[in-house]
Amino acid sequence: MTPDIQSHYDLQFTAPVSAWFLVLLIPLAVAGVIWLYKNQYKGQSRPVIIGLTALRLLLVLSIVIILFRPNLIYRQTLSYKGRVIFLFDNSESMSTSDSRMSPDLALRLARNLDPSKLNEKSPFAKIAQSLGSLEIDVLHFANETEDLSRESDKFWNSADGFNAAVKTSIDDIKSEYKTLPEFWKEHLKATVKFVDTAKAARSKVTRAEINIEKMKKEGEDVSEMRLKLDKLRLDAFEAGQIAREHESTFKSLGAIHAQFPEHLAALENELQSFTQGNKATGKVAYDNTVKTLFGHVQNFEKLQGFYDQDSIDAGDKEIIKALENSRATSRLDLIRAKLKISDPVKTDLSEKQNIIFRNLSTEIEPSAYAIDKAQRSNISDVLNQIALDESPFPVSGVVLISDGRNDSVIAHDELIQSLSRKQIPVYTVAAAAEKETRDIALISTVAPPFAVQGKSVGMSLKMKASIDAAESVTLSIHEGKTRILEKTIDLKESGIKTIELPFTPEQLGLQQYTITVSSLKGEAFPKRNNKMTLAMDIRKEKINVLFLDWKPRWESRFILNIFQRLSYVDLNSIIVISNKGAELTRGVSRGQWPKDESALKRYDVIILGETPADLLKETEWNAISNWVTDGGTLWLMGNNKVHALPESMSGWIKDDKLIEKNAEHLDEFHLTETGQLFPPTRAFSMGMQKGDIKSPHLIERNGVGIMQTQLLGKGKLFYSKADLLWKLLNPRSLKSHTDLYVELLTWSLQGGYQGGMDKGINLDRLSYGSRDMFQVYLPTLDGTLQLQQGDTNTELKATSGRVVVDALTSGSWTLTAGDDKRDLVIIDDNPELHFLSLDKTYMKQVARSTGGQFYTLDKMERIYSQLKPRVRVENKEKIYRLWDMKIVFLLLIVVLSFEWIWRKWTGLV
């Protein structure tokens, strides 16, 4: 794209003396020169006379330049035409067809994409099409004449064209109206049957009520009869409802038909008024007319829809074939067909604006749109990129053609702010049906991250079923190639089904489990969304957690409540003040602190709350120190103090100001760069500001840490302002608060260096989702990390010993740094194919929030007349100060010298 450039030169005089004196001065100077030198040049040749005179005039001109100070100004105006971006959703879900698309939409698309199709069976659709053309004509005329005076020929030329188009459309509509069938009359006659059915049902209710009264008088049991009466009452209500709805619907259709001539006459007068009189038509009048026209279009499409349903019920082969073709055509092919008959590049829109085609991955050529499948439906991310683009060509609007299934990390409010700041309207076009196509999909699992070998694990699975009749499918779980569970699931209706799948793991270590469901005949994606994987760390025994606090606090209660509910945790909790005499006892039983170092080693995690400094003995602190450096994980959950560590262990804490003051509001906290990637704190990212420092994970506005981790030998240390977390996260982020401790347990068991701080790759956990970015720490500050999966091999350079890895594809990966290798499991968590129906709420929200509008694919061309052209004008100028240029003074000296020498040479001096 290049801007339109217009350029010109201007001469400007900057001296205090007006340059208009030159108008009189120059002729007088010329006359004076001729009079003074008339006799002086006698006897000289003609070339000498002309040359000397020219030199003298050049001298006078140079003096004038110096006296009046002229500037030569080069002005350049650059006009950057706006861009209209057609954004195609080319994610995998758009490659499917809509087998359960409503007949109304399917046949509208069939007629719209091939106007000659079903021509004889589209009486109401023809009127709807003519009314739609009128709507576009009004929008086009309003835009074309918006800035034109009614005294200009251009306005009246446009008015003549508009009036001619209106007359043609109105005449066609009047002619077509005369031939409309009044099919609803037959339906109203059939209402009698529904009314009779409702009366009969009501009679049964009355008889049943009489019988119950008789049975009561005779002392008989009426409980069974009451159940029958309830069923009869429900039947009667439903029959009456059907009769009322049937009658109301077809009376409404008859009223639309009968009242249309009156509405059309009023509409014709309204359209004619746009080109009458000397007063300009206001925007409100145009908008009201467009709204009225669109309402009539919808009314006649509604009539056509009922007319088509009659044809389908009657077995009309042509209608049924058109319906099946629309349902069998993929969404992307429907978009291609639409653009063939309504190409924006071939409209007036392209003369005023630059038309840009792009998909979710990159900008594309108009002829090659939406070919490659995108990995994700990151619609909001791409819209935000468009809003933040610093191109000199402004964005006039975005036309989003999609199913609205959005899988983006950016929050909706943040997106709307970005688009509103640049005043970018987004017009959304629904390229999918509102009803799920025939499909089975595994949505999500709820399973613990840890389990015990040989012990049953409770797991629940959510599955989507979009079916037309009852079906049966088979669910199975595989551990590697071994099937460990198989279950038959009976699906009675469409919807989300929760299935309990308890199983018993047998293999130790981090295991991948594959869950599959058998496919249905004719489903949209028989393989891609019928399988999912999960990772589970299988241990010989439960995670042993030792919890010590002086007294119960809000956060300690929260932690205990969570851990007591986790099936894979064995908790020994000690609240000292609740013990007899408020004393800490030693031993090997629950409620006692480990009596010696060997008893301490049975624990995987130790949590210390706000405890007195002398609660634990020096030997016990030494035991904790040895336990941590040998591989244990210590949590310090203080409040007014960070910890009760003795002097000998105070060097463990990097930031002794961690607990310096309490922040009171959510906006006083920042999630740091590492905190955004650290699994326990990553969930806090919603609604929390981002800090730009790397450590700790969570900080106050003044930089004081709230939550931090560090490695000690082979072990790990976590410390935080525990009670402050309660104020921060409850009740704003209860799930994030819960996830924090579940993820901290995972980090405690899986994170850290495999061989200690001086060797190995430091991971936060051993498995991630396929959409997760994550961080890896290396023992050397300038090391490199190799990531390998099959033939894929990527090398990443560490920055200050840290590598940030973008989301990886699912499967097993090997991470290598120096001599150390670690295995990492990536679980496929892409929700792209979970739901395939139109997300109408998202599409309407984006359009409404940005000043755009929502349309179905068959009405996309209406957008072209609503997009307001935008132009960014940039003025540039360059000033040449002729009077101050060295070449002028040099010219003056050279001409003066040459003129004097010449005159001397010819004897005139």
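# Briefing: burial, packing and cavities in a predicted chain

Of the 909 residues in the chain, 47% are buried. The model is a predicted one. The chain has 22 helices and 37 strands. Among contacts between residues at least 6 apart in sequence, 75% join residues at least 24 apart. The accessible surface is about 46,400 Å². Carbon and sulfur atoms account for 52% of that surface.

**Helix H21 and its cover**

- Helix H21 spans residues 840–850. Its buried residues are Tyr842, Met843, Val846, Ala847 and Thr850.
- These residues sit on the same side of H21, because they cover an arc of only 125° around the axis.
- An α-helix has 3.6 residues a turn, so residues three or four places apart point the same way.
- Thr841 and Arg848 lie on the other side of H21, and both are exposed.
- The cover over the buried residues of H21 includes two helices, H12 (379–388) and H13 (412–421). It also includes the strands E6 (395–402), E7 (426–430) and E36 (854–856).
- Gly851 comes just after H21 and takes a positive phi of about 90°.

**Helix H12**

- H12 is mostly covered, with eight of its 10 residues buried.
- The buried residues are Ile379, Ser380, Asp381, Val382, Leu383, Asn384, Ile386 and Ala387.
- Strands E3 (83–88), E4 (354–359), E6 and E7 pack against the buried residues of H12. Helices H13 and H21 do so too.
- H12 is also part of what covers the buried residues of H21.

**Cavities**

- The structure holds two cavities of 30 Å³ or more. The largest has a volume of about 60 Å³.
- Rolling a probe the size of a water molecule over the atoms shows where empty space is left.
- The lining of the largest cavity includes Asp98, Met101, Leu105, Leu109, Arg331 and Leu334. Ala430, Ala431, Ala432, Thr856 and Leu857 line this cavity as well.
- Helix H3 (103–113) and helix H10 (331–341) each supply at least two lining residues.
- By class, the lining has eight nonpolar, one polar and two charged residues.

**Thr329, in the loop before H10**

- Thr329 is in the loop between helix H9 (317–328) and H10.
- Its relative accessibility is 27%, so Thr329 counts as partly exposed.
- Thr329 and Asp98 are 231 residues apart in sequence, yet their C-alpha atoms are 7.7 Å apart. Asp98 is one of the residues that line the largest cavity.
- Leaving aside neighbours within four places in sequence, Thr329 contacts Ser97 and Leu334. Leu334 is also among the residues lining the largest cavity.

**Pro831, in the loop before H21**

- Pro831 is placed in the loop between strand E35 (820–827) and H21.
- With a relative accessible area of 27%, Pro831 is partly exposed.
- Pro831 and Ile443 are 388 residues apart along the chain. Their C-alpha atoms are separated by 7.5 Å.
- Not counting residues up to four places away in sequence, Pro831 touches Asp407 and Arg771.

**His246, inside a helix**

- His246 lies in helix H7 (residues 223–273).
- His246 counts as buried because its relative accessibility is 14%, and the cut-off for buried is under 20%.
- Its contacts are His187, Thr191 and Phe194, leaving aside neighbours within four places in sequence.

**Positive phi outside glycine**

- Most residues other than glycine have a negative phi.
- Gln423 is not a glycine, but has a positive phi of about 55°. Gln423 lies in the loop between H13 and E7.
- Gln423 has a relative accessible area of 60%, so this residue is exposed.
- Ala582 also has a positive phi, near 50°. Ala582 lies in the loop between strand E17 (569–575) and strand E18 (586–587).
- At 28% relative accessibility, Ala582 is partly exposed.

Definitions and conventions
Residues are numbered from 1 along each chain as its sequence is written. This is a predicted model: local features need pLDDT of at least 70, side-chain atom pairs count only at pLDDT 80 or more; totals for chains, interfaces and linings use all residues. Side-chain values use heavy atoms; hydrogens and water are left out. Helices (H or I, at least four residues) and strands (E, at least two) are DSSP runs, numbered from the N terminus. Buried means under 20% relative accessible area, exposed over 50%, partly exposed in between (1.4 Å probe, protein chains only). Contact means heavy atoms within 4.5 Å. The arc is that of the directions from the helix axis to the C-beta atoms. On a 1 Å grid over the protein atoms alone, a cavity is a set of points where a 1.4 Å probe fits but cannot get out, and a pocket is an open set with protein on both sides within 12 Å along at least five of seven lines; lining residues have an atom within 4 Å of a point. Grid points are joined across faces, edges and corners, and a volume is the space filled by probe spheres set on the points. Ala, Val, Leu, Ile, Met, Phe, Trp, Tyr, Cys and Pro count as nonpolar, Asp, Glu, Lys and Arg as charged, and the others, Gly among them, as polar. Accessible areas come from the Shrake-Rupley method with a 1.4 Å probe; for residues, only the protein chains shown count as cover.
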